[in-house]
Amino acid sequence: MNQHDNTVADRRNFLRAGAQLAGTAVVAAPLQALLARAAAGATVRFDYGELMPTNDAATGLPLLKLPSGFSYLSFGWTGDPLTDGTPTPQAHDGMAVVDAIGSRIVLIRNHERTGVGNAFGEEAVTYDPYAPAGTTTLIFNSATGELEKSWASLSGTLRNCAGGPTPWKSWLSCEETVAGPENGGRLPNQETMQYEREHGWIFEVPANRRAKPVALRDMGRFVHEAVAVDPVTKVVYETEDRSPAGFYRFLPNRPGQLERGGRLEMLKVPGRVSMIRRVPADATFDVEWVPIEDPTRAHAPGTRDEGGVFAQGKEQGASSFKRLEGCWYHGGLIYFVSTDGGDAGMGQVWSYDPKAERLRLVFESPGAEVLNYPDNLTASPRGGLLICEDGDGATQRLHGLTVDGRIFPFAENHIRLDGRRNGISGDFRDQEWAGASFSTDGKWLFVNIQSPGITFAITGPWQSGSL
């Protein structure tokens, strides 16, 4: 076969695998069953079998390593035209499934672009004309394996790293910087181009229409990473990607209507000012929350430290973490990640129980060979956690964390390109995974590789393992 024939065959096999999964029951296994223990002495195992180079059903290229039986299809590459012809921006980061109608799945994807530049979207969705980041919305048909529609849904924001879906079918996109007109800088030889607006906010993007580019100021101005929403209380939990960092919650004045404002608070473990090191395995802590009086304060007084919100909580005894990143709700718990926390500095996974007001250390990496800087995370409908790696290794992996506390590599970045796809060339195997999210029926995993900027849909025999 020529490459075109191979690609067509791969796409048919991909869709056939999805059809076979249609009758697979999704078995709930609550994540609270995770044994809260460090992985000291853990050995690498393969829950679904060893990883092998696997061809992409769209391009025929071996972009990922996956276990036997799994297939995937790439779409939404950097440079691909959106429905209106605008090139897809680069730097794919946080993403989630926010709605689904039959086989049509709605994804909203962040683009973590930095610097001073031109907004990529229309004026109606643009917050700051000189900020180059934002979100794109994708309609993916899992029955045909095709991207049916895509558009710029939020524009003119800055360094949109992660965020999270809401129970009311929207996406909260988080800016990971507090840059603004006072410190945005100018492009060389373009003295008039600098940021017009303050950054460091959360923005809400509806599932099926463009966003109103309105900063949700009461949710805080700080170095945001991710959020997770408790579907029962509608309280929003927020992570901060700096060190030291705080873990926050936002109590809205009107549940589900974040634009109506609310109260921001920071987590406190009484008697423990730092959760970064020397946390015992299987440790559980009762917690309190302290109020943030001015959620719009970007810096501590007299500094440019990006820690104005953090400093207010710290003054009241709130607890410090190190670089908090991914955050996800599942089974009544809020899970969040410290990228380089723990005694080995390789990462921690925490859970918070809102009903019991209790914090638990779920997992701590003993070394880079087990888990190297966890970042975004999500939960499978079957009960396991899936963790994106953003480490300093030669290749980056997706890891599963099982309901009995074991960790295993599920996928590996294997991207090497020679310029035939959108003119992109290079070895990208060391580039991070981001934006993992399962479809509600559990059949499909959607995930990004940030650079060169590709989105993947992965399917296969999930029921044979822990995801």
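Trainee: Which four strands form an open sheet, and in what order?

Mentor: The open sheet runs S4-S5-S6-S7, with antiparallel pairing. This is a predicted model in which local features need pLDDT of at least 70 and side-chain atom pairs count only at pLDDT 80 or more, while totals for chains, interfaces and linings use all residues. Residues are numbered from 1 along each chain as its sequence is written, and side-chain values use heavy atoms, with hydrogens and water left out.

Trainee: What makes S4 and S7 edge strands?

Mentor: Strand S4 (92-101) and strand S7 (146-157) each pair on one side only. A strand here is a DSSP run of E, at least two residues long, and strands are numbered from the N terminus.

Trainee: How do you know that S5 and S6 pair?

Mentor: Two strands count as paired if DSSP finds at least two bridges between them. Strand S5 (residues 104-111) and strand S6 (residues 133-141) have eight bridges, in the antiparallel sense, so the criterion is met. Within this pair, Ile105 stands opposite Phe140 in S6.

Trainee: What is the order of the open sheet of five strands?

Mentor: The order is S11-S12-S13-S14-S16, again with antiparallel pairing.

Trainee: Why do S11 and S16 stand at the edges?

Mentor: Strand S11 (224-229) and strand S16 (288-291) each have a single partner strand, so one side of each lacks a neighbour in the sheet.

Trainee: What shows that S13 and S14 pair?

Mentor: Strand S13 (residues 247-252) and strand S14 (residues 262-268) are joined by five antiparallel bridges, so they too satisfy the pairing criterion. Tyr248 stands opposite Met266 in S14.
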